[in-house]
Each structure stands twice: as C-alpha cells, then as structure tokens.
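Open your viewer, switch to a cartoon view and keep the selection box handy. We will go from stop to stop along the chain, picking a piece and looking at what surrounds it.

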Amino acid sequence: MSKRSINKVAILGSGVMGSRIACHFANIGVEVLLLDIVPKDAPATDMKARNKIVTDALQFALKSNPSPIYAKSFTNRITTGNFDDNMKDIASCDWIIEVVVERLDVKKQVFENVEKFRKPGSLITSNTSGIPIHLMNEGRSEDFQKNFCGSHFFNPPRYLKLLEIIPTSKTSEEVITFLMYYGELYLGKTTVLCKDTPAFIANRIGVYGIMSLFHLVEKMGLTVEEVDKLTGPVLGRPKSATFRTCDVVGLDTLVHVANGVVAACPNDEARSEFTIPGFINKMVQNKWLGSKTEQGFFKKTKVTGGKSEIHALDLQTLEYKPSVKVKFATLEAAKPVENLKERMKILLKGKDKAGDFYRSMFFGLFQYVSNRIPEISDELYKIDAAMNAGFGWDLGPFEAWDALGLAETVKAMEAAGKKPAQWIYDLLAGGATVFYKVENGVRKYYDIPGKTYKTIPGTENFILLDTIRATKTVWKNTGTTLTDIGDGILNLEFHTKMNTIGGEIITGMNNAIDIAEKNFQGLVISNEGANFSAGANVGMIFMMAVEQEWDELNFAIKAFQNAMMRVRYSSIPVVVAPHNMALGGACEMSMHSDKVVAHSETYMGLVEFGVGLIPGGGGTKEFAVRLSDEIREGDIELNYFRNRFLTIGQAKVSTSGQEAFELGYLRKGKDRIVISRSRLLAEAKADCLEIAKEGYSKPVHRKDIRVLGKTALGLAYLGADSMKSGGYISEHDVKISQKLAYVLCGGDLSAPTLVSEHYLLDLEREAFLSLCGEKKTLERIQSIVTGGKVLRN
C-alpha cells in the first residue's frame, strides 16, 4: 500500500459541488483550502471583496438542507481564498481537486496555473462529469500526468456514496490504487474504477434510463405521477423516483449529459434514446429546470386559503395540475410483498399498463447494459456498484436481471425485440445461469473474459450478512437472526418492518445474549436494513392502553427495560453498530451497550416526547446516569440538567453520528464513528473482540447515581409553566415535561441523593404508564397509526 497521507486538500472551484466536497473533506478531519475566482472590479487591497464569491458559496452550502457538514465546528477546517492571491498556497496540499465550470479550455487554464505551484508528487484530479480525462493533461509535465486522473463525486457528496475514479493511460498504478483505497476507507465511498468513456459509468447508464423513460412516457401516454409511482420505492429506488430526481438534478444538467453522449457516441446503438423529446426542449426553453428555477415537472402552487400544494406538469398540455393519486392492479398485487426480488417478479408479470411499462423499461435497460460491456467496463459488477451508489438503486441492472431470472428474461427480451449482447448467450451456453453467486460465504461475479466466477475486489475486508447467513445462522425467529461472524463473535440482526422493536426482537436479544454467554466471546447488534431501527412499535402500546390492559402493558415495558439492562450487564461485551435512523428504543439499546460503533450517517434520538410519552426503555434513566457522571465539583449542576432535560423534551435527533456525541447519546472517549458503511460490521466486530480479549468483566449494577431532587425539579416545573403561559406548549406538554423532570431528578427528594438504576427504572416505568392513560397521548399515537406513518417509540 502507498505511503501517501492526505493532510491538506485544495478544492479549486466553490460552486455547488466544490463547496460541498470541501465540507466532506472537513467532515473526515482534513484541512481544506477552498479557492475560486476574484469578482470583477474587486479592489486589490480588499480581501473580503476579493473572496466574496468563495465566501458566499461556502455559506450558501452550509445553510443548505440536508447539511453537507457533520458539525458546525468542522467549518474551522476550511480556509477560503481566491485563484489570484492564494494559488501559491496549494504548494502545501497533498491533493488538488479541480471543480470549475465544465469547459475544457477553462480547466486547462486552471491546470496550467496548478503546475506552477503544486509540489511534486501531489495528486491532481478533476471532478468533471463528462469531459474526457485524457484531454485535460495534454501539455502537462510527466509528474503531473502520472499523478492526474478523474475523481467524479456525486451530488450531494456527503450523502451519495459513489466516487468514480477515471485514470488515463499515463496515470500511475500507485495513484489509482491509493485513490480507490482512500475513497472507500476515509471518504466512505463506493469507489468504482472507470474507463475514460463519455459520461463514465453511472451517468451513462442512469441518464440512458431517464432519457429512455422520457420517450416511453410519450409512447404510452403516462403521467408524471404514474411514472414516479412506478419507479420509486416499489423498485427499491429512492422516493424521488424519476421526475422528482430530474427536478433535483436540474433538467439542464440532464440535457447537457444526454447531448454529450449523442455527440461523443456515434456507434451507440441506443443513441436515439438520448435525443431530447419535444416536451423537454420546451421545458428548457421556458426555464422549467426543476428546483433551481422553482418549477420543473413539479411546482409548488398557492391555492385557496393561502396554502401550498404540489402540482404536477401535464406532459400533453404542459400545464400544471393538482397531483392525482395513482392506482394500478400490478402495484396493488406487489404491495404486500416485502422481498424486493420477489416483488420485481410480480411487477414484470403485470397484465395492465404498469406491467407493459415494466417490461419495456427492464428489457431496454438489460439490453443497453449488456451492450456497454466492454465499452464502459470489462466487469459487470462495476455497473451495478455505480448504480447502487450513484443513483440509489437497491438492485443494479445485472442484480435485477438475476432476480427476474436470466434465461427466462432473455427469451422474453427476444420476443419483445430487445435481444441482449452475444456474451449473454455465451454465458448461458457455458452452463452459467446467474451473474452473481455465493460460494463459501463469498459473493462472486461472472468474469466475462475468463468465463468463470471471481471474488468482487475490495470486499475482502467486509462482513456481508447476506452472503454468510445461509451457512452461519446460529438461531433465529421471525424478527431476528443470530449469525456467527467468526472469531467467537455473534451478530444479531433485525428483520421487522423498519426494524421496529417488538416482542420478537426482545426475545432475540435475550436469546442472543444467552447463547453468547455460553459459547462465544461477544455480541454485535447490527443489520443491513435501510435503517438500524425506527424504535419500538407504539401500535402495541396503543392497543394495550385502549383496552386498559395495564398489567400487560407494565409487563411489556418492564421486559423492554430488562432487555436493555441485559445489554448493559451481560457477562460478554455487547457492541451496537447503528446506521441511519436509530430512534427511541434503538437509541436506548445503543446507550446501554459496552460500546457504540456508529456509522457517520446515524440519526439518533429519544423521540418519545413527540407522541406524548417519555423514554421508557431505560433512556430517561440513562440520561440521569450520564448527568450524574458528567458533573464535576464546581460545575453549575442545573445547567447540565437543563441540557439533558431539553434534549429529551425537544425530542432532538442528531443529524450525524458526530452530533450524537454533542447531544449526549454517544460517549466521548468510548464510542466511535466509522465513515465507511461497508466496513461498519467488521469494525464493530474488531472492537468487540478487542474488549473481550482485554479481559471483560461483567459490570456491577449502579447504586451511586446522584440525582438532584427538588433542586432541579422546581426549575423544570417553572420552565414548563412559563412555556405554557407564553403559548409555546400545551397543557398536555406541561404534564409530559413534569413526568420527565420527575424521573431525571429522582423524584421530589429534598436534597441531592445517591440512588440505584432500578430505583430510576421504576420511576421511569411508572411515569410512562401514567402517560399511556392520558387521552391526549392516545390521540397522538392514534394519529400516527391511522395516518399510515411508521409506528415508532
């Protein structure tokens, strides 16, 4: 492995991409120099005026939602400047990334200046989305050329995982290897090595998919709403589906890429699909480009009463109309099916207009990707990886083809006049029936030149539950699977909807700890779902409360608390590895573990206040414990109390793993963050094993928790009354606030007192149960249940 290290990066260009790439490097702890042009007529001595463009661009990025930065304090890692005064400062940078306007002449001018100041051996890359990489380094020095390649980030860089690395024939192998490694490990990216072909991999396939749909919509007379319903989550794709994605990306950007393919790919058999339909040309002329012009395929419109509605564009009349609910028999048939691969089979076999749409879309896509090999990639897995990470597809084209059945789909494609490339027939003739298969717990892809299966490079350091579950399952029930992930460590994963925590998961947790304590060294709780867990299922709580089954509800809450305490007080280390949403009960589970190894994109919080409750699975108790532990002699105790109280009382959710530390859900010096989602489980396992090998001892139950009693209770009550008097909260909110304060303070004790965890858990459960009996609480929960929203606690 290269001995390179990246301590400082220069980003040349501060537009939408440049400023956000700068923020993501700051996220991972790298010092950043962000430069842009000097405004015309800016005085030579007025640095504020000379840096106005870069300063404004960075501030605009930082105010955007979702935020490009993990924590506001990280902006201190970014220094701004301009090309005229500060280009010399790139001499201290290890990596220089060009992100200026998409014009070859401008880029070449920038690189000429870079050559004057860069230090030998420093990396230089371009974030171009389509300009041929080899054209940019013409005339540059040998050292420049061997350290130069394309590095195509996708917008927004913090959230979209794809990073395409595009070398030229002169790029050194050491540089390629380093960037593939660094992008995955430190930037948390799926790094895909691409050929220097028009639009590279993801945009070539993704824009084909969108442009072909534009033509298909015209042919079939489909509406904007229908296409987005057909191409969103039902296919394992983002909610933005097709037309909302176009609005976000910008129609002008899509047209630019499509025209680039038409101009640069005269031999592309599907070139006509990239031609711009009439309705798109008209939208571009009208500057209906999407979010950037506040109207595209969708438009926010004021209606009677001053309210706003989202209206959709009628592609026939080019007029905006209220959105219409979409219904297709095929979608209704597929709706109950949770498994995406099985659901896709139902969609393809549909007998209505939706079924016709899916067959035309899939058959065209499969034909196109088969013909792009070896043009844009020699290996099929790269195409899937690029679409997974760049466009958010749960299944890439070849993965979807496998799910639908390779051989039978080829026959259907032939019948539809969409015959795939010859190598597909060679694959089938050789006895292969799939593009991917799992052998001995290792996922392999079909290597076309070698006509055999090979391990996907770069996955050696990952633990992929999907590949080992079949042979390494130790125990399972309907909601969980316990898997042996090697070296004496078990992993417990959840399988419920949104991974919400109910009786089956509580049983799974207890059994997992029982088994680990008898025969293993440690337990990790992690999963590969879209979210770690949306929390406990409040639907169950609602039903018990409505039926006034208080004994049963008390038993259920106590069982939940006991499970959390088992996580804390087992005889083996328990490490929790959350990602994305980790709310309510999932947050409580994390807080009771020996260590949390969280993905950087972890949105953690105790959100129970929002449904009229307080955290009842040990979360309130745990905040009391942490409050006791963090107060030092001489500290102003009530300030610490206020912060903890408001975090729960305002149902604060972290916007990143880093912010979870600031909110007190994660512990500084004990828990940690992993940037690479793919490595999360492997990292959690390594930490669990390390704790075990250090000689793990079962913790002793706490009886030394210092609670503040009436000292803080009066403050909380007074604050809640003041908020109500000001009209900020309701009478019911006051009641919830008082219950929360009562538990955090350890009750109405006359003076600060040492209490046990069990004492606090009893108070917590009593408060939780009393709130369950409140009419307003039941109304809030019922609104969630009947509104069709995710049930979470």
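Two strands are said to pair if DSSP finds at least two bridges between them. Keep in mind on the way round that this is a predicted model.

**Stop 1: strand β1**

Select residues 8-12, which form strand β1. Now add residues 31-36, strand β2: β1 and β2 pair in the parallel sense over 5 bridges. To see one of these partnerships, show Ala10, whose bridge partner in β2 is Leu33. Is β1 covered or not? It is mostly covered, with 5 of its 5 residues buried. Turn the strand to look at its two sides: Lys8, Ala10 and Leu12 are on one and Val9 and Ile11 on the other, and all are buried.

**Stop 2: helices α9 and α12**

Next, select 202-220 for helix α9 and 251-264 for helix α12. Their axes are 10 Å apart and cross at an angle of about 105°, which makes α9 roughly perpendicular to α12. Show side chains where the two meet. From α9, the contact uses Asn203, Arg204, Val207, Ile210, Met211 and Phe214; from α12, Leu251, Leu254, Val257, Ala258 and Val261. Coloured by class, the residues of this contact are 9 nonpolar, 1 polar and 1 charged.

**Stop 3: Phe357**

Move on to helix α16, residues 353-371, and pick out Phe357 in it. With a relative accessible area of 0%, Phe357 is buried. Which residues does Phe357 touch, not counting those up to four places away in sequence? They are Leu213, Leu216, Met220, Leu222, Leu230 and Thr231. Try a distance label from Phe357 to Leu222: their C-alpha atoms are 9.2 Å apart, although 135 residues separate them in sequence.

**Stop 4: a sheet of three strands**

Select strands β12, β13 and β14, which form an open antiparallel sheet in that order. The edge strands are β12 (436-439) and β14 (452-455), each pairing on one side only. On average, and ignoring direction, neighbouring strands here are turned by 45° against each other. Zoom in on β12 and β13 (residues 442-447), which are antiparallel and joined by 4 bridges. One pair to display is Glu439 with its bridge partner in β13, Val442.

**Stop 5: Ile485 and helix α29**

Ile485 lies in the loop between β16 (480-484) and β17 (489-494). Is Ile485 buried or exposed? Its relative accessibility is 8%, so Ile485 counts as buried. Beyond its neighbours within four places in sequence, Ile485 is in contact with Ile463, Leu465, Ile468, Leu490, Asn491, Leu681 and Lys685. Leu681 is 196 residues away along the chain, yet the C-alpha atoms of Ile485 and Leu681 are separated by 9.4 Å.

Follow that contact into helix α29, residues 680-693. Its 14 residues should span 20 Å at 1.5 Å a residue, and the end C-alpha atoms are 20 Å apart, which agrees. Since 10 of those 14 residues are buried, α29 is largely enclosed by the rest of the structure. Both Leu681 and Lys685 are among the buried residues of α29. To see what surrounds the helix, show α21 (465-472), β17, β18 (522-525), β19, β21 (595-599) and β23 (672-674), against which its buried residues pack. Following α29 is Gly695, with a positive phi near 95°.

**Stop 6: helices α23 and α24**

In helix α23, select the buried residues Val538, Gly539, Ile541, Phe542, Met544 and Ala545. Just after α23, Gln548 has a positive phi of about 55°.

Helix α24 covers residues 550-568. Its buried residues include Leu553, Ile557, Phe560 and Met564. The elements they and the other buried residues of α24 pack against are α22 (503-519), α23 (538-546), β19 (574-576), α25 (585-591), α26 (619-630) and α32.

**Stop 7: helices α31 and α32**

Finish with α31 (731-744) and α32 (757-772), whose axes are 9 Å apart at an angle of about 170°. That angle makes α31 roughly antiparallel to α32. Ile736, Lys739, Tyr742 and Val743 of α31 meet Leu760, Leu763, Glu764, Ala767, Ser770 and Leu771 of α32. By class, this contact has 7 nonpolar, 1 polar and 2 charged residues.

Definitions and conventions:
Residues are numbered from 1 along each chain as its sequence is written. This is a predicted model: local features need pLDDT of at least 70, side-chain atom pairs count only at pLDDT 80 or more; totals for chains, interfaces and linings use all residues. Side-chain values use heavy atoms; hydrogens and water are left out. Axes are lines fitted to C-alpha atoms, for helices over the stretch in contact, and angles run from 0 to 180 degrees between N-to-C directions. Angles under 35 degrees count as roughly parallel, over 145 as roughly antiparallel, 65 to 115 as roughly perpendicular and the rest as oblique. Contact means heavy atoms within 4.5 Å. Ala, Val, Leu, Ile, Met, Phe, Trp, Tyr, Cys and Pro count as nonpolar, Asp, Glu, Lys and Arg as charged, and the others, Gly among them, as polar. Buried means under 20% relative accessible area, exposed over 50%, partly exposed in between (1.4 Å probe, protein chains only). The expected span of a helix is 1.5 Å times one less than its number of residues.
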